[in-house]
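Visitor: Please take one strand of this model and go through it closely. I would like its surroundings and its partners, then a short look at the rest of the chain.

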Amino acid sequence: MSILAEKTVPLLDLKAQHVQIRDEVLSAVTRVIDDQKFILGEEVESFEAEIAQYTGARYAIGCASGSDALTLALMAAGIGPGDRVVTTPYTFFATAGAISRGGAIPVFADIEPDTFNLDPSKTESACKSNGGVRAIIPVHLFGAAADMAAFVELGKRYNAFVIEDAAQAVGAEYNGRPVGSFGHIGCFSFFPSKNLGAYGDGGLLTTQDAALAAHLKALRIHGRTGKYIHDWIGINSRLDALQAAVLRVKLRYLDSWSDRRSENADIYRKLLADRQLPITLPNTLPYQTRHIYNQFVIRCESRDELQAYLKKHGIGTEVYYPVPLHLQKCFSDLGYKAGDFPVSEKLAAEALALPVHPELSVDQIEYICSTIGKFYQ
Ligand SMILES: Cc1ncc(COP(=O)(O)O)c(C=O)c1O
């Protein structure tokens, strides 16, 4: 029998999640199909009300994806050609892609080594050396809050809009308060691999500001403020009623799923710490009062070899992110070079995400830890 046939642990197991909620999802989807109301409408409004409460936002506005949420947020902030926006180079492409797509200029600042998140002091230096920064986009990477008090303060000091990229962090908390409720706008993704994943693409904007909410609601339907009346030029980016129906079912389970991820992280911590391996476990700072572990990312020596070894033993892992954004070809005209952001570059070479999904068994975590132990023997 091959090693693979003995045990296989995928990075994510959406089928195992789906079987728990299959009947509820099918009846929710059937309700929408029977109604034949697919675009916005009651299903989306109900979801928006429920997720607003969950995220501590006054207003929640569904849209087609997390990428579009970022684009819409920048549009609502009036950020366009030539404007500078500070963000992290250690994130999914969409964070900086949205800035460039609207003609603005991403200004990168390095991350903190122990949180993987944008470093407030490096952000301040970037604001000082690039006059007139219009916005700052901290990312709550892997499901742990960025230092929001510091970013809100920087936003005030430099008169910059603060947009939280909370795509990976629905339900994460900063000092007991949900992320997405601190900046001017919060952006979420319902990509299937997120803790709250749709059955397709989906996204969300949150804000506490009534005027911004009205602007965002218009921008997601071509800037429309009345039937065939357009006060702004927007885009077509709506959350499907079918996705809203699925998300309403899943939202009821979200806390229990995120708690399971956190319990899995604790089991890893115990089992891996006991073995004294050349790996660094994810750290949480006191202000990160709830980490939702969208990913459990270790830092390790010989990362690529370890990943290949785990794969050989049937264990799925992923590298988030092998190439920091300042070194991506499409951003070469920004003029950055290797060595500009040493923390991001080092973590890009060392980070490895292990399975942490809620359906993971203790037995599987033990298997992963003992396999890692064997690799370093
Ligand atoms: C940090 C971050 N920002 C933005 C996005 C974009 O979200 P979506 O895939 O829904 O467009 C993602 C999704 O992977 C993400 O992880």
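Guide: What follows is a close look at strand S4, then at the ligand shell and the domains. The model is predicted.

Start with the strand itself. S4 covers residues 133-137. It is mostly covered: five of its five residues are buried.

Next, its partners. Strand S2, residues 84-87, pairs with S4 in the parallel sense, over four bridges. Within this pairing, Val86 has Ile136 of S4 as its bridge partner. S4 also pairs with strand S5, residues 161-165. That pairing is parallel too and runs over two bridges. Here Ile136 stands opposite Val162 of S5. Ile136 therefore serves both pairings, with Val86 as its bridge partner in one and Val162 opposite it in the other.

Now follow the chain between S4 and S5. Helix H7, residues 148-157, joins these two strands in a right-handed β-α-β unit.

Turn to the ligand. It is surrounded by 15 residues, and the closest are Ser65, Gly66, Ser67, Ala167 and Ser189. Helix H4 (66-76) and helix H5 (94-101) are the elements that give two or more residues to this shell. By class, the shell has eight polar, five nonpolar and two charged residues.

Last, the domains. Domain 1 comprises 3-11 + 254-375, and domain 2 comprises 16-248. Their C-alpha centres lie 25 Å apart. The contact takes 29 residues from domain 1 and 31 residues from domain 2. On the domain 1 side, helix H9 (241-275) and helix H11 (342-350) each supply at least two residues. H9 gives the most, with four residues.

Technical notes:
Residues numbered from 1 in each chain as written. Predicted model: local features only at pLDDT ≥ 70, side-chain atom pairs only at ≥ 80, totals over all residues. Near = placed C-beta within 6 Å. Nonpolar A, V, L, I, M, F, W, Y, C, P; charged D, E, K, R; others polar. Buried ≥ 20, exposed ≤ 12 C-beta atoms within 10 Å, placed from the backbone. Right-handed = clockwise from strand over helix to strand, strands pointing away. Domains from an automatic or database assignment. Contact = placed C-beta atoms within 7 Å.
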